[in-house]
Amino acid sequence: MKQKSVGRVKNKKFAIKDDLKLSSGKTLSNVELSYETYGDLNSAKSNAILVCHALTGDAHAAGWHLNPAKPGWWDMIIGPGKALDTDKYFVICSNVLGGCKGSTGPSSINPETGQEYALDFPIITIEDMVHAQKKLIEYIGIEKLYAVIGGSMGGMQALQWAVSYPGMMEKASIIATTARSSPQQIAFNEVGRQSIISDPFWNNGEYYGKERTPRSGLSVARMIGHITYLSDESMYKKFGRDLQDRDELSYDFALDFQVESYLHHQGESFVRRFDANSYLYITKAVDYFDLAINGSLSDGLKDIKAKIQVIAVDSDWLYPVDQSKDLLTALQTNDTEVIYNEIKSDYGHDAFLLENGQMNFVLSNFLSENTVEDVMRTEVPTIPIDSTVKEAAVIMFDDEITHLPVVDENNLLFGIVTAWDLSKSIVEDCTELREVMTKDVKTCKCEDSIEHIARLMKKFNISCLPVVDDELNLEGIITTDQISHLISNY
Ligand SMILES: CC(=O)SCCNC(=O)CCNC(=O)[C@H](O)C(C)(C)COP(=O)(O)OP(=O)(O)OC[C@H]1O[C@@H](n2cnc3c(N)ncnc32)[C@H](O)[C@@H]1OP(=O)(O)O
Ligand SMILES: N[C@@H](CCO)C(=O)O
């Protein structure tokens, strides 16, 4: 299906009626969440997917507001024909509690003082963010989400959802994240926070409405953060050691290298879209995230009922693959239904925002559970068992195929002849098909998942599987080409 944008979208507001009880024991009143939705909720209210955003994301995940050239941050994933197919699913994304893109955060007005909260805003946790989102989901009238999905800090929220509200979702996809912030992750966040706090214009958080704000501190915090979202490889590819707007080294402290200029640009554009206090509060929430706090990780995840997908990025050194594998192991220990996918990418952590084909493929398989039946070829040339090698070669040549199922008179699969078998027949001077064909054929069923058969093909290094029923009746074939086609549709 051709992929389209969800088009122009509107931001909405939801006000939580009751006070929100926080993990710290404090409460927050008059909480508002900014959110967007894409697609339609079905009458059974069973097709809703909640997307949770990463550290500096917002509710605007797909489509566009004023400028079609500036789509939402996960436009590659959400829309008709994409993994989060809006012809099928009703997708919701809200800005987190503590954020600065329409949801209540430190830059919001404190109803008690009529001034911005600044540091009067209470410390919040990932659990608090999820608690607020649950109120939104209830307000929309959804009892059970089809899925909760998120990358990075969004993955923490999705995992927290699965732990805190196990009966409220069928599936959860946990991308490029961890179940427990590591010392290194906390360390990077603390350097970012100190950069803000030591900016004289931060002024103990009281900078709203002032002429000078902690631009420099926030910009440096983003520069540090941004380095961790890339990989050494991607930096080499983007910039190498190339100089920026000069032919020679400056021999002073001006910007020499392209990578420096790039980081400055990232810092400056971030300052235009983000609030420094929100950065402090949200990074703190990330640092506090620890689902193993009461013992082992498997203990922390024991209540999960949803089917889980864990996605890691091989070049992600901020949330390395090992942390996703720890999560996987803990879930497997609990006998939770879980699948693991690894994105192969040079991009580093931000690959979940960039790897269009792979991300769509693994998400769409998990969500739609694409089966062999969805992609197999059913009009398959076959050859009877008593044929000659030459007859097989003619069919394969005419039909431009490299695999030809061999069947008996009742269409029961007997074997398969491949281009390799034809070569063998010449070397071994065989003329009868039964002498060269492969008899021990690996097969699959219509209902097998694409995931499963892709693994099977890799394991046995084969590029084609006949599809059979329980009686070995041939129903079609599936090839690696068809699977590649499925991926390249994204
Ligand atoms: C849920 C969420 O996560 S939402 C938040 C996600 N969004 C962000 O994190 C925004 C900032 N992050 C990024 O830009 C991320 O790297 C991505 C993943 C979103 C985009 O990655 P890419 O498409 O690879 O873009 P890239 O990292 O190359 O940056 C391109 C920008 O750098 C600028 N740039 C590139 N080279 C240079 C240079 N030598 N000097 C100065 N600027 C440069 C480009 O002009 C472009 O600027 P623009 O974004 O203002 O148009
Ligand atoms: N680059 C993304 C991912 C960070 O985890 C963001 O800024 O939110």
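Is His349 buried or exposed, and how many C-beta neighbours does His349 have inside 10 Å? The model examined here is predicted. In this model His349 has 25 C-beta neighbours inside 10 Å, so it counts as buried, the threshold being 20 or more. His349 sits in a loop, with β10 (338–343) on one side and α10 (356–368) on the other. Leaving out residues up to four places away in sequence, the contacts of His349 are Ser152, Ala176, Thr228, Tyr229, Val313, Asp316, Leu318 and Tyr319.

Two of these contacts share an annotation with His349. An unreviewed UniProt entry marks Ser152, Asp316 and His349 as "active site". The three positions are spread over 198 residues of sequence, yet they cluster in space, with a largest C-alpha distance of 10.7 Å. Asp316 also occupies a loop, the one between β9 (307–313) and α9 (321–333). Asp316 is buried because 27 other C-beta atoms lie within 10 Å, where 20 or more suffice. Outside its neighbours within four places in sequence, Asp316 contacts Ala176, Val321, Gly348, His349 and Ala351. Ala176 thus appears in the contact list of Asp316 and in that of His349.

Two ligands were examined in turn. The shell of ligand 1 holds 14 residues, and the closest are Ala54, Gly57, Trp73, Ser261 and His265. By class, this shell comprises 5 nonpolar, 8 polar and 1 charged residues. Around ligand 2 lie Ala54, Leu55, Thr56, Gly57, Ser152, Met153, Tyr229 and Asp350. Here the division is 4 nonpolar, 3 polar and 1 charged. Ala54 and Gly57 are found in the shell of ligand 2 and among the closest residues to ligand 1. Ser152, which carries the UniProt "active site" annotation, belongs to the surroundings of ligand 2. Tyr229, another member of that shell, is in contact with His349.

At the level of the whole chain, the secondary structure amounts to 16 helices and 15 strands. The C-alpha trace spans about 90 × 65 × 45 Å along its principal axes. Of the 490 residues, 43% are buried. Contacts between residues at least 6 apart in sequence were also assessed; 68% of them join residues at least 24 apart.

Nonpolar packing was considered next. In soluble globular proteins, nonpolar side chains tend to be buried together. The largest nonpolar core in this model contains 104 residues. Ile49, Val51, Val91, Leu145, Val148, Ala162 and Ala172 touch the most other members. Helix α7 (residues 276–288) supplies the largest share of this core, 7 residues. Apart from this core lies another, of 25 residues, including Ile416, Cys444, Ile450 and Leu474. Within the largest core, Ala162 is one of the residues that touch the most other members. The contacts of Ala162 are Val148, Met169, Ala172, Ile304, Ala306 and Ile308, with residues up to four places away in sequence not counted.

One sheet is described in detail. Three strands make up an open sheet with mixed pairing, ordered β11-β12-β13. Its edge strands, β11 (383–384) and β13 (413–418), each pair on one side only. Strand β12 (residues 403–407) runs parallel to β11, and 2 bridges join them. Ile383 has Val406 of β12 as its bridge partner. Ile416, in the residue range of edge strand β13 (413–418), is among the members of the 25-residue core.

Technical notes
Residues are numbered from 1 along each chain as its sequence is written. Chains are lettered from A and ligands numbered from 1 in the order in which they are written. This is a predicted model: local features need pLDDT of at least 70, side-chain atom pairs count only at pLDDT 80 or more; totals for chains, interfaces and linings use all residues. A residue is near a molecule or strand if its C-beta atom, placed from the backbone, lies within 6 Å of it. Ala, Val, Leu, Ile, Met, Phe, Trp, Tyr, Cys and Pro count as nonpolar, Asp, Glu, Lys and Arg as charged, and the others, Gly among them, as polar. Two strands pair if DSSP finds at least two bridges between them. Helices (H or I, at least four residues) and strands (E, at least two) are DSSP runs, numbered from the N terminus. A residue is buried if 20 or more other C-beta atoms lie within 10 Å of its own, exposed if 12 or fewer, and partly exposed in between; C-beta atoms are placed from the backbone. Two residues are in contact if their C-beta atoms, placed from the backbone, lie within 7 Å. UniProt positions are given in the numbering used here, feature names are shortened, and annotations may be inferred rather than shown by experiment. A nonpolar core is a set of buried Ala, Val, Leu, Ile, Met, Phe, Trp, Tyr and Cys residues joined through C-beta atoms within 7 Å.
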